[in-house]
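Me: I am new to this structure and should like to understand how it is put together. Please take me through it in questions and answers.

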Amino acid sequence: MLKVRIDLAAFRHNYHAVKTLVGEKVAVLPVIKADAYGHGMLRLAEECLKLGAPMLGVGTIEEGIALRRHKVASPVLLLDGIFTEQAEEALKFHLTPAVFTLEVAKELNRIGRKKNKKIAVHLKFDTGMSRLGFTMAESKDTLAQVAKMKNLHVEGIMTHLASSGDLQSPQTEHQLMRFNAVLEEAKRNGMKSVYVHSANSGAILNFKQSHFTMVRPGIVLYGAPPNEVKGVEFKPVMTVTSRLVSVKEVSQGEGVGYNATYITPRKKPVGVVMGGYADGVNRLLSNRGTVIVRERAVPIVGNVCMDGFMVDLSRVSGAKAGDEVVLLGGGYEETSVEKWADLANTIPYEILCHLGTGPRVQRVFK
Ligand SMILES: Cc1ncc(COP(=O)(O)O)c(C=O)c1O
């Protein structure tokens, strides 16, 4: 139904742009969770490793196992951690969990003792996002306790920044101040972590002091930076196309689509494009979105349906069934992911995740 083209050269370009920004000494952990934000986790994992990434970041243990089944042997960090009962499985697949509860730390330590080895973990601290991580109140005690767990190797210490794409917000500085205090405390407990990391895309672009020894870019790798940075270009990686499955003249005064939310003001050619909300075409684009047919921007008319949507082809001459339709990307301003996100009242992340995946989407890498 929808054809998703993934431009690997653009992905490589974006990776190099990050590398240039952070410098040679800082490691880059590409975040490829959620099927690489809809771009295809397995294929992009291979690409990241070819680019020299020392470690890959996914959300869940299932994603980590999928990488292992795909013969990815590099270190893999589980950013969302694990449940206590998943500890054995995580270790069986050599996955490195982010740890943010003492129960999980103790369980990993217990298994490590049984196997007579040290288990690598990254301790995650909540410095102000109130999502995952040991709280500031418990951080001192946590570090003291973990330091005594002889079968854990605290390979990494991390936090996540909530507002790094917003240069006006004081939150990032505040979170980094707290994180630095955690790092001091870790040092007092004799921890020498190789990887200290806090920076997502926004922080990579805007807060050099957040880079530490490793950064975790996601959205910039896919070409949708949270803000512009002078002299640095990120290229969109995903292009989504479809085809017109029908073109016909609709008389004046007819309703288009469910509930007739669009009434033709005059006779006009209306095309039906394959790909609907079941395929990630957000219903908020009904009567608002724009796609490209024969190099022309054409408006979506009527409500987006499950399998497709209608477009007003008045401005296109000779459009016919079978013509290609650009929904997202392709170098047109009207179909940029930022534009889609704006119209759908969301963020580029959600658009990419939804449009790039799904059982009816055909993904091609080039
Ligand atoms: C822990 C963690 N690190 C890094 C990232 C990457 O963030 P971004 O896509 O904004 O670069 C994410 C994504 O949400 C995340 O959850």
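**Domains, core and ligand**

Reply: In this predicted model, 10 residues of domain 1 are in contact with 11 residues of domain 2, contact meaning C-beta atoms, placed from the backbone, within 7 Å. Local features need pLDDT of at least 70 and side-chain atom pairs 80 or more, while totals for chains, interfaces and linings use all residues. Residues are numbered from 1 along each chain as its sequence is written.

Me: Which helix gives the most to the side of domain 1 that touches domain 2?

Reply: Helices here are DSSP runs of H or I with at least four residues, and strands are E runs of at least two, numbered from the N terminus. With 4 residues on that side of domain 1, the answer is helix α2 (residues 33-38).

Me: Where does the largest nonpolar core lie with respect to the domains?

Reply: This core has 100 residues, being buried Ala, Val, Leu, Ile, Met, Phe, Trp, Tyr and Cys joined through C-beta atoms within 7 Å; buried means 20 or more other C-beta atoms within 10 Å of the residue's own. Its largest share, 5 residues, comes from strand β6 (residues 119-125). Because domain 1 (8-222) and domain 2 (238-365), bounds taken from an automatic or database assignment, both give residues to the core, it lies between them.

Me: How many residues of the shell around the ligand are charged?

Reply: The ligand is surrounded by residues including Val31, His160 and Arg216. Asp, Glu, Lys and Arg count as charged. Alongside 4 nonpolar and 4 polar residues, the number of charged ones is 1.

Technical notes:
A residue is near a molecule or strand if its C-beta atom, placed from the backbone, lies within 6 Å of it. A residue is buried if 20 or more other C-beta atoms lie within 10 Å of its own, exposed if 12 or fewer, and partly exposed in between; C-beta atoms are placed from the backbone. Two residues are in contact if their C-beta atoms, placed from the backbone, lie within 7 Å.
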